[in-house]
Amino acid sequence: MTDITLLLSLSASLWLAPYLAGMLRLPSAPVEIVLGSLLAWMGLIHEHVYFDLVANVGFLYLMFLAGLEVNLRDITTRPGSTIRKAILFVIALGFMGGVGGFLLGMNPITILTLPLVSLGLLASLSKTYGKEAPWLQLAFIVGVIGEMTSIATLTIFDAASTVGFGKELAMEMGYLMVFIAGIYLLYRLLQTLFWWHPEIKALLIPKLDAFDQDIRLAMALFFILIAVMLMLHLELALGAFIAGVAIAAFFHREKALEAKLSSLGFGFLIPLFFMHVGASFDVAFLKIPSVITGALTITATVFTIRILAAFFLRSLIDKRSAVLVSLALSMPLTLQVAVATIGYTTHYIGLIPYYQLILASLLEVIIAMVSITFIHSGRDTDPSSPSL
């Protein structure tokens with residue numbers, strides 16, 4: 001009976017979450033996490049082997065869709081000054097996050113989460129404000145660099161938590177460097193091949209397709225790169241992310257494919273991942289003062305270092321837009337949850353720091369979304385905004 005209750009509760013939540021998110025004017029992710037937490041507290045959902053499996057696939061699929069947002073051609077055609085400023089922004093986050101976390105007495109795992117950047121929730125902003133908004137264009141450029149750095153950090157942390165710090169970690173990092181170099185060489189090879197023989201693309205994704213060959217290709221690449229990560233004992237999220245980047249790089253004009261992949265993810269797999277995250281959060285821990293104060297401290301630090309790092313963007317965009325960029329990049333929910341989960345399962349942190357990070361990830365999304373709505377609604381349209 002409990003399994004039936006689990007299925008019915010998840011089904012109802014999948015359907016109702018978008019309506020609740022629309023009423024609250026929030027993205028569906030935090031609403032789904034809160035729903036998962038409340039339903040677990042009420043005893044309606046619980047851990048289950050299939051629920052856990054689908055949730056893990058949902059996380060990897062979210063990383064895959066984040067990779068789809070990366071337009072390598074667009075980034076490589078941007079002025080060098082824009083890329084340099086974006087890199088300085090990411091470096092500043094890392095430096096200030098490390099210093100700030102150390103001064104506040106945070107544990108190393110929490111400090112590691114402070115400068116993380118994720119593209120996951122930028123997609124919902126682009127649907128609301130349009131990808132052509134200058135501040136969102138810049139947010140995507142900075143976000144791509146930040147997310148690639150963050151996923152590399154997550155990969156190193158995951159490897160270190162498995163094999164420790166020493167010779168084995170160095171070997172794992174060697175595998176990672178060889179893998180990245182191999183992916184780059186393969187990218188250049190395929191780029192040249194498709195340039196001289198564009199008919200190969202048509203063969204891979206035919207225009208008249210009765211077998212959904214485009215979806216099959218994307219899913220095959222998704223699982224192949226995850227299998228490679230398993231073989232190399234590296235973070236699976238990196239493989240999923242690179243698979244998305246590859247699809248975006250070579251089939252960026254296939255808008256129908258992107259829509260199909262997004263529908264599968266945001267309509268099914270990803271909401272279940274967020275509900276699973278919520279179900280892992282015990283509402284009873286909100287009665288512990290240190291959970292609330294710790295989460296608020298983490299949240300305040302995340303926003304502070306990003307607003308300060310926006311100093312490097314002042315020559316690219318106006319001040320208000322720079323603040324919007326910093327707020328848009330203050331929602332590393334998926335990666336923050338991933339690091340917290342790895343830290344807890346490997347016993348690097350206890351339950352209190354784990355719940356602090358989960359609660360902070362929720363607060364960051366809610367505060368950032370509300371702040372962006374408030375600032376953008378009072379923003380005067382400036383047609384002479386600096387070009388990126």
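Q: Helices here are DSSP runs of H or I with at least four residues, numbered from the N terminus. With that in hand, which residue follows α2, and what is the sign of its phi?
A: Let's start with the helix itself: in this predicted model, α2 covers residues 28–41. The residue that follows α2 has a phi near 80 degrees. That residue is Gly43, and its phi is positive.

Q: What distance does α2 reach from its first C-alpha to its last?
A: α2 has 14 residues, and the expectation uses 1.5 Å a residue. The expected span is 20 Å, and the model comes close to it. From first C-alpha to last, α2 reaches 20 Å.

Q: Which helices do the buried residues of α2 pack against?
A: Buried residues of α2 include Ala29, Val31, Ile33, Leu35 and Leu39, with Glu32 and Ser37 also among them. The buried residues of this helix pack against α1, α13, α16 and α17.

Q: At what angle do α3 and α12 pack?
A: Helix α3 spans residues 49–68 and helix α12 spans residues 236–250, with their axes 6 Å apart. Their crossing is right-handed. The packing angle is about 35 degrees.

Q: How many residues in the contact of α3 with α12 are charged?
A: On the α3 side, the contact includes Phe59, Met63 and Phe64, and on the α12 side it includes Phe241, Val245 and Ile247. The contact residues divide into 14 nonpolar and 2 polar. The number of charged residues is none.

Q: Is Ala66 buried or exposed?
A: Ala66 sits in helix α3 and, leaving aside neighbours within four places in sequence, touches Leu119, Glu147 and Phe241. Its relative accessibility is 3%. Because buried means under 20%, Ala66 counts as buried.

Q: Which helix gives the most residues to the largest nonpolar core?
A: That core has 121 residues, and Tyr61, Phe64, Leu122, Trp135 and Leu261 touch the most other members. The top contributor gives 14 residues, and that helix is α8.

Q: Which residues does Leu122 contact beyond four places in sequence?
A: Leu122 is one of the residues touching the most other members of the largest nonpolar core. Leaving aside neighbours within four places, its contacts are Leu136, Ala139, Phe140, Ala328 and Leu329.

Q: How exposed is Pro134, in relative accessible area?
A: Pro134 lies in helix α8, which covers residues 134–163. Its C-alpha is separated from that of Ile270 by 28 Å. Pro134 is partly exposed because its value falls between the 20% and 50% cut-offs. Its relative accessible area is 28%.

Note on methods
Residues are numbered from 1 along each chain as its sequence is written. This is a predicted model: local features need pLDDT of at least 70, side-chain atom pairs count only at pLDDT 80 or more; totals for chains, interfaces and linings use all residues. Side-chain values use heavy atoms; hydrogens and water are left out. Helices (H or I, at least four residues) and strands (E, at least two) are DSSP runs, numbered from the N terminus. Buried means under 20% relative accessible area, exposed over 50%, partly exposed in between (1.4 Å probe, protein chains only). A nonpolar core is a set of buried Ala, Val, Leu, Ile, Met, Phe, Trp, Tyr and Cys residues joined through side-chain atoms within 4.5 Å. Contact means heavy atoms within 4.5 Å. Axes are lines fitted to C-alpha atoms, for helices over the stretch in contact, and angles run from 0 to 180 degrees between N-to-C directions. A crossing is left-handed if the near helix is turned anticlockwise from the far one by less than a right angle, and right-handed if clockwise. Ala, Val, Leu, Ile, Met, Phe, Trp, Tyr, Cys and Pro count as nonpolar, Asp, Glu, Lys and Arg as charged, and the others, Gly among them, as polar. The expected span of a helix is 1.5 Å times one less than its number of residues.
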